[in-house]
Amino acid sequence: MTYTSSVFVIVLMIALALFVYVLVPRVQYLLLGRPEPRVDQVVRRTAGFLVLVFGQKKVLKERVGLIHFFIFWGFIVIAFGTLQVVGEGLREGFSLPVIGDNRAFYLLKDILSVLVITGVIVAAHIRYVVRPTRLKANLEAGIILGLIFALVVTEFFYSGLSYALAPRASHSLAFVAVGVSHLVGGSGASALDAVGHTLWWLHVVLLLSFLVYIPNSKHFHLIACPFNEWLRNLKPRGGQIYPVDFDAEDAESFGVGRVEAFTRKQLLDLYSCAECGRCQDNCPAYQSGKRLSSKLLITKLRDHLVEEGPRLLRERRAAASKSAKASGEQAGPLDGHENDTRSGPADGGAALSSEQARPALIGDVISLQEIWACTTCYSCQEQCPVQNEHINKIIDMRRHLVLMEGELPREAQLVFRNMEVNGNPLGESALVRGDYLRMLQVPTIAEEPEADVLYWPGCAGSLDARNQKVSAAFVNLARAAGVSVAVLGNEEKCCGEAARRLGNEYLYQSLAAENIGVLAGHNVRKIVTQCPHCFNTLKNEYPQLGAEFEVIHHTQFLHELASRGRLRLDAGVLGTAQAGRHERAVYHDSCYLGRYNGVYDQPRELLKLAGLELMELPRTRSKAFCCGAGGGRIWLEESEGERINNVRTDEILRAAPDVVAVACPYCLTMLKDGVDDRGAGDRVRVMDIAEILQGALSLSSQAGDSKLPERGNTTSSGCAAEEKLVRSPA
Amino acid sequence: MLTIAVCVKQVTDPEAPLSLFAIAADGRHLVPPPGTPPVLSTFDENALEAALKIKDAVGSRVTVLSMGNKLAKPVLKKTLAAGADELILLEDEQFEDLDSNGTAMVLAATIDKLGGFDIVLCGRQAADTDAGQVGMGIAAKLGIPAVTLARKVEVTDTSVRVERILPYGHEVVEAAPPVLVTASNEIGELRFPPVKAVIAAQKVQPTVWGAADLGVDLARSTRANLVKFFVPARDILCEMIGGSPQEIANGITEVLKTRIV
């Protein structure tokens, strides 16, 4: 035993030394990033940490997550079992407190071990036989699966042999160990002892190899992930984009153009990725055939960090020693000068060549195409089991391009110019912004400061012909419910959402500051928006600039009115329009309403109230597929791969609805385009929920509204509602 | 180093809806609707882009000149953000409502005061008046050649080579500097400046000169006299012709014959 234990100690020391040797540089690379304080709300962080790590909450969002769940828990229990085994091997009669002689523990361990073995086999089958695109069938994953498999099997046999040599009461329920002991029962004790000894060593060596292998593989997530989960972003999802302080004294560089400009937390994300590919499976850019993959974004950045890390560390050390030297030599300017001339050219040359050899983060590692393809739909982050934040990385790189390089798509330039000069992305004069709502005889807040709510139609609801109808529908519904509504009129400007997501934080902040000033000047308390993008920005992003308003989306507001009985809806109006059957509707979740702000139910309940038969799309609610317009993408050309809106439209058309209900001007535009592009415009209508509700407004409530025309007695088709919408108040 | 001057004009946003403009009480001024943002005249932006393209190609020092009264500095500073090296504002009450000739006088005097430039670039015409006179006026007063309607400007070792737009194509004109060139939109849109440069530009204090600094005597210059601004009256007469298709056709023919044709 002394021999075994001293050899063991040496082997253990070597393994630990190797582990530290590979771990330390990784940690140093992490520290190259900018600090980002995230240690706050300790209780909330810890509670979530427990649910996410030990409860495997997000891993279990997909059924295959069960495999991970079993392997994860199996590993924890087996780890204690291994401690016991190692202890036994070193000292006769060793027993861990509580579990060392606990029958239930050994039973549990054997159950979990079997599940782990099964899980490993199923995982290998998925990865190497089924081969879904999201998983790489590479050697690395195979090594890990093999190691886990071998670890469990060696432990099984070691326990079995031990049991055969000396049956222990504590192991009587450990069915695998008992089973193995029966298998080998006939062998001689000395043979069993020899084989057992070998197995023990095999087990130990495998375990230590695993330990050393971890930091250089995607299994580094074993170590990084718990930290990442604890440090997860606790801000509301819609307010997670980092603000930029343009007034800061040392503000020289904005956005991220080099990997070390990311924050340490952003770099920790890279290590935490286990390459499960769930993000990629739900990424609208990737799923429509674009180069961008949310998964590759992370893994490419990680590989780049690890490749560049040593050089960056050297450079940083050199810079540090140089500045130390420089301060030390201040006393003798002549010496300093001499030193300069001596080392200057050589240094310059070295720096230049290293600069040339270094792959550029933007361009070489992540292409412009990838950076501009993201719709910021949040699906990657929603699905990511380890709480990685992809979107901020994209936005940070866009910021570098826009703020530092002035390199951006031409369409984005035009949009920025329009927003800057006219206060809207469409390029309409700021002086006509309020015209449509004025035509609907909606007063401005200046005219009616006591109005119940301030309606924020946004750029689309004010200026885009199709979405103006949605504004009209909302105004009619509010009137029918007896709610007084006012608008800002020409004082309203673009909320700046698209500018921010396209990387122009400066423009966003200037628009936001103007809007906040105007809203505060009118003492606005409650804002109802038409657009989920305005909604999110006003609600979750303006507070970063010191504004606090109650902001709700019109679906929430209308739901509130309907549930308080103030909207009398006649469920039959739309429903009877087609030969006695209810019209069938699908609801397409807006990313910024659903995933970002959790508004999933109110729009659906409103549709049911309107008498529609609601069907769910295959990808719905938190897994809903983006229309392709978010992240400022609505203003950019989409020439790569398939158009995202068409991909979504195909999914919608397979459900064969009569109506596609949306709650967002972007979705409305994109899906209407998609439906027309697929030649289905005559049988499928794309409508905002407010328009649908207006169509279902009972006659008695309409009678009170002089501005609504009499309902037409169209009987032939389901167009009655739409025709009514077309006749918006003139 | 090659030196380039670019003359830019600040105008009222040409996208502002015409119907909202009003004629001032004196009948001699157009009043834009309140809140109309000032912008750079678009052809002048093209002229600046032409200068910056030359700067990219062969290197040069680009000076932007703008004349007016109560100029919007943040708007003009964008020329610095885009890549101009210097901004000189010519501001004076006397410069208000100056006509093309007076404007050319002031700009030519400025160019003289600065010791002349190898190339002077202007937009082909302003986005508000569309007169297209100032560029030629400057060239005349400086006594240098002028090439108008450029779609491309290049600098060779000895000359400035301009592709000049013609109704059915283009011609290539070469001139030895100093030369004045007016730019057309074909030259390309003004580049989008990085926001960092925009922020930096806002901190720059441009040189401001008045009439006295330039020694121009506008009292002695000829000045166009605007007599009256008015909206042309337009009458729409509508006459309904009824009856059978035959009668309607006859009726229309009769009207066309007797009153229109």
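Reader: In this predicted model, is F229(B) buried, partly exposed or exposed?

Author: The relative accessibility computed for F229(B) is 32%. Since buried means under 20% and exposed means over 50%, with partly exposed in between, the class that fits F229(B) is partly exposed.

Reader: Where along chain B does F229(B) lie, and which residues form a nonpolar patch with F229(B) on the surface?

Author: Along chain B, F229(B) belongs to the loop that runs between helix 7 (211-214) and helix 8 (245-260). On the surface, F229(B) takes part in a nonpolar patch with about 420 Å² of accessible area together, and the residues that form this patch with F229(B) are I23(B), L30(B), L226(B) and V231(B).

Reader: Turning to chain A, which residues form a negative surface patch, and is D247(A) buried or exposed?

Author: The negative patch on the surface is made up of D245(A), D247(A), D250(A) and E252(A). Of these, D247(A) sits in the loop between helix 8 (221-230) and helix 9 (264-272) of chain A. Because its relative accessibility is 69%, and exposed means over 50%, D247(A) counts as exposed.

Reader: In what order do the four strands of the open sheet in chain A stand, and which are the edge strands?

Author: The four strands pair in parallel, and their order in the open sheet is 2-1-3-4. An edge strand pairs on one side only, and this holds for strand 2 (485-486) and strand 4 (550-553) of chain A.

Reader: Which residue stands opposite L454(A)?

Author: Strand 1 (residues 453-456) and strand 3 (residues 526-529) of chain A run parallel and are joined by three bridges. Within strand 3 of chain A, the residue opposite L454(A) is I527(A).

Technical notes: Residues numbered from 1 in each chain as written. Chains lettered and ligands numbered in written order. Predicted model: local features only at pLDDT ≥ 70, side-chain atom pairs only at ≥ 80, totals over all residues. Heavy atoms only, no water. Patch = residues over 30% accessible without salt bridge, like charges linked within 9 Å, V, L, I, M, F, W, Y side chains within 5 Å. Areas by Shrake-Rupley, 256 points an atom, 1.4 Å probe, with all protein chains shown as cover. Salt bridge = Lys/Arg side-chain N within 4 Å of Asp/Glu carboxyl O. Helix = DSSP H or I, 4+ residues; strand = E, 2+ residues; numbered from the N terminus. Buried < 20%, exposed > 50% of the residue type's maximum accessible area, 1.4 Å probe, protein only. Lys, Arg positive; Asp, Glu negative; His and termini not counted. Charge placed at Lys NZ, Arg CZ, Asp CG, Glu CD. Pairing = 2+ DSSP bridges.
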